[in-house]
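The following exercises ask the reader to work through a protein model by inspection. Each task is followed by a solution in steps.

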Amino acid sequence: MGLRGIFSETYQLLTAPIAKVLDNWFESEPLKASLATDGLIGSTLGPHDGGTGYVLLHHVMGCLEGRKGAWAYVEGGMGAVSETLAKALRELGGEIFTESEVEKVTITNGKANGVQLKSGQAIQSKLVLSNATVRETLLNFVPAQTLDSSLLTQVKNIDYKSPVVKINVALSRIPNFAKTGDGTVQPHHRTSVHLNCETMEVLDAGHRDFVAGRVSTFPMIEMVIPSSLDKTLAPAGGHVALLFIQVPLKGKSPDMST
């Protein structure tokens, strides 16, 4: 193919609409629409918008235990990550303060050297790390007079708006999508479940509602059921489902009376 041909195909993948990318590889409309959701999830884009090919690539280019494009759940839920980090810190002699709200980062001679809590307690350190957003950290915790005005302007203009609503659902039993299950976990329960993604037109219609500021009657939904793999997440027989839904930031809910 040559370097020029490879560059051309790579450029098209990175910049083309996901609908065009998938049309080049598949014929089945349900398959294309299902794959397209990974090119749209987390974005304000529709299937015919440029750049969505890259979003799909971003979601499938990884590798887990030798399996390309594979994803995984943390056993015990995401809280298990925090617990593991906390355990490691304590084993190294670190201390963890809970319910200790920070008032400000203390700075001396232009260098952060600790934090002051709202209780009045001061904690000194050689380094201060913040897991709050950049805007929250610099505008609310760091004294404004210690920051460059141009930096403050950039921080104030950071856009944190999200087009995605995430809903966590507690279930009394495993969903029986096809009305043929016996109440046990089936292979399809351990995959991503795509709703309102039967055709590219359904995806596009939902996105048009999004752009117009309307909550679509058929919004794009991607659902996973992590308890189908991790039994520690729910009591016996119960399950949890996580739904990712593309919705406008502000809008009128659809009339569901019909």
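The exercises below concern salt bridges, helix packing, surface and backbone features, and contacts between distant parts of the chain.

The model is predicted, so local features need pLDDT of at least 70 and side-chain atom pairs count only at pLDDT 80 or more, while totals for chains, interfaces and linings use all residues. Residues are numbered from 1 along each chain as its sequence is written, and side-chain values use heavy atoms, with hydrogens and water left out.

**Exercise 1. Salt bridges within helices**

Task: Determine how many salt bridges a search of the whole structure finds, and describe those of Glu-29, Glu-91 and Asp-204.

Solution.

Step 1. Begin with the principle: side chains of opposite charge can pair when their charged atoms come close. The criterion is a side-chain nitrogen of Lys or Arg within 4 Å of a carboxyl oxygen of Asp or Glu.

Step 2. Searching the whole structure yields 7 salt bridges.

Step 3. Glu-29 pairs with Lys-32, with 3.7 Å between the closest N and O atoms. Both residues belong to helix H3 (residues 29-36) and lie 3 residues apart, about one turn of the helix. Helices are DSSP runs of H or I with at least four residues, strands are runs of E with at least two, and both are numbered from the N terminus.

Step 4. Assign the exposure of the two partners, where buried means under 20% relative accessible area, exposed over 50%, and partly exposed in between (1.4 Å probe, protein chains only). Glu-29 is partly exposed because its relative accessible area is 29%, whereas Lys-32 is buried at 8%. A network of salt bridges links these two residues with Asp-23.

Step 5. Glu-91 and Lys-87 form a salt bridge with an N to O distance of 2.5 Å. These residues are 4 positions apart in helix H5, and therefore about one helical turn separates them. Glu-91 has 57% relative accessibility, so it is exposed.

Step 6. In the pair Asp-204 and Arg-208, the closest N and O atoms are 2.6 Å apart. The spacing of 4 residues in helix H8 again places about one helical turn between Asp-204 and Arg-208. Asp-204 is buried at 15%, while Arg-208 is partly exposed at 42%.

**Exercise 2. A helix pair**

Task: Classify the orientation of H6 and H7 and state the handedness of their crossing.

Solution.

Step 1. Take the axes of helix H6 (residues 134-141) and helix H7 (residues 149-156), which come within 9 Å and cross at roughly 130 degrees. Axes are lines fitted to C-alpha atoms, for helices over the stretch in contact, and angles run from 0 to 180 degrees between N-to-C directions.

Step 2. Compare the angle with the classes: under 35 degrees is roughly parallel, over 145 roughly antiparallel, 65 to 115 roughly perpendicular, and the rest oblique. H6 and H7 are therefore oblique to each other.

Step 3. The crossing of H6 and H7 is left-handed, meaning that the near helix is turned anticlockwise from the far one by less than a right angle (clockwise would be right-handed).

**Exercise 3. Loop residues with positive phi**

Task: Locate Glu-65 and Glu-99, and assign their exposure.

Solution.

Step 1. Most residues other than glycine have a negative phi. Glu-65 has a positive phi, near 50 degrees, and the phi of Glu-99 is likewise near 50 degrees.

Step 2. Glu-65 sits in the loop between strand S1 (63-64) and S2, and Glu-99 in the loop between H5 and strand S3 (102-108).

Step 3. Glu-65 is exposed because its relative accessible area is 77%; Glu-99 is exposed at 85%.

**Exercise 4. Residues distant in sequence**

Task: What separates the C-alpha atoms of Ala-33 and Glu-201 in space, and those of His-239 and Ile-174?

Solution.

Step 1. Ala-33 is part of helix H3 and is buried, at 0% relative accessibility. Its C-alpha atom is 8.6 Å from that of Glu-201, although their positions lie 168 residues apart along the chain.

Step 2. His-239 belongs to strand S9 (residues 239-246) and is buried, at 10%. The C-alpha distance from His-239 to Ile-174 is 6.3 Å, with a sequence separation of 65 residues.

Step 3. For contrast, Asp-209 and Asp-230 are 21 residues apart along the chain, and their C-alpha atoms are separated by 36 Å.
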